[in-house]
2 protein chains.
Amino acid sequence: MRVIEAVVFDAYGTLFDVHSVVDACEDSFPGYGEQISQIWRQKQLEYTWLRALMRQYANFEEVNRDALKYTLHQLKLKFDNSIVERLLNAYLRLEHYSEVPQALKAFQPYKLAILSNGTTNMLETVVRNTGLRTYFNDILSVDELQTYKPDPRVYELAVSTLGVVKKQILFVSSNGWDVAGGKAFGFTVAWVNRQGKPHEELGVRPDYVVRNLLELVDTVS
Amino acid sequence: MRVIEAVVFDAYGTLFDVHSVVDACEDSFPGYGEQISQIWRQKQLEYTWLRALMRQYANFEEVNRDALKYTLHQLKLKFDNSIVERLLNAYLRLEHYSEVPQALKAFQPYKLAILSNGTTNMLETVVRNTGLRTYFNDILSVDELQTYKPDPRVYELAVSTLGVVKKQILFVSSNGWDVAGGKAFGFTVAWVNRQGKPHEELGVRPDYVVRNLLELVDTVS
């Protein structure tokens, strides 16, 4: 293990289970909860990549709303604004994965931060709601840069804010494409491969692959 | 209709049916042809967006190979390099949609070009194999720019090569995200919505929506 000074976590899918919105989707559209949640997540990611590349930034709340609307149109479901807002609110009440508090406790000797596509408002809300705020030194949003991961300028934000060199930052994400982005940038990288997916074929490999954050604690210590 | 001087076509999905590789996939992996083709296309697009954003360009032949490998791993199919190369070759023998020659004939009064993510080699091969080469003034590849659509620098390449101002270029694509990219850039844009998909929610709308290229001929003339 290289000498790590800081651990920087992705938020959605890594600390917080984005598919815990399934219940809210299922409540509003019985029988469609799982399908809505899957397409919504895929579209949400696509729209961040596309807008960053088009240089047409809109913040994550807007992109998330747009992705949800596309999803409901695609599934030919009838909806109004109140349903859209209710489902978007579910995004502020995501649950953390069960092992997260114990893992963050174990990582307390390091500087800890979140680096996410979410807006500061979305991130602070979900971190506060899950009782995790005290664990983190910094909560960093792409919003001030007006771009999205895996633009290297996003990863650079962690370096400049934490004052730690790239290789001494352990970047932790469950998203294979984010892992590739962080590794290409120069972080030491751990992939939390919760779903047993294959490696993304983007020309780099993470330094560590674990199934959950407690496995990562064992690997680092 | 604005005064159009040039018509610029996307290639894959617009002139050439990317799902005509289904047969080759089905031959190599009976029962999986449709599924391989769908995931392969999705991953191929994702990898272009991600690599452009990561500033880790690899050309479309490489990205296409990587996307196919990911797809076969995800589906847990056994394969070797000869199968991969055989399926990639099928990509050079895509078929054009049936109405393409008649539509291109009708568009002959305009300057015609292709603007595509493919390499020059891939594009020249498929255009020659389908007998369409004589219709086009220019075949423009992102390869010289080392980035991918919808990076506005790609669309700018059509302006600088053709010497026609943005709004007098009719950009034609079947891909909703490419339509959004071209429109945000400033082209006059037609979406060939072959599959009756909903509009992408990326903050812009195309000028025209048609089901196929002959419908577009009627709209423009």
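Two worked exercises follow on helix α2 of chain B and on the contact between chains B and A. The model is predicted, and local features need pLDDT of at least 70, while side-chain atom pairs count only at pLDDT 80 or more. Residues are numbered from 1 along each chain as its sequence is written.

**Exercise 1.** Work out what span is expected for helix α2 (residues 33-54) of chain B, and whether its residues are mostly buried or exposed.

*Solution.* Start from the helix as a DSSP run (H or I, at least four residues), numbered from the N terminus. The expected span is 1.5 Å times one less than the number of residues, so the 22 residues should span 32 Å, which agrees with the 31 Å between the end C-alpha atoms. Next, take buried to mean under 20% relative accessible area (1.4 Å probe, protein chains only); 18 of the 22 residues of α2(B) are buried, so this helix is largely enclosed by the rest of the structure. Finally, look just after α2(B), where Arg55(B) takes a positive phi of about 55°.

**Exercise 2.** Describe the contact between chain B and chain A, and find which helix supplies the largest share of the side of chain B.

*Solution.* With contact meaning heavy atoms within 4.5 Å, 33 residues of chain B and 34 residues of chain A take part. The rule for salt bridges (a side-chain nitrogen of Lys or Arg within 4 Å of a carboxyl oxygen of Asp or Glu) finds four across this interface. A salt bridge also joins the side chains of Arg55(A) and Asp151(B), at 3.5 Å from N to O. On the side of chain B that touches chain A, α2(B) gives the largest share, ten residues.

Terms used:
Chains are lettered from A and ligands numbered from 1 in the order in which they are written. Side-chain values use heavy atoms; hydrogens and water are left out. Buried means under 20% relative accessible area, exposed over 50%, partly exposed in between (1.4 Å probe, protein chains only).
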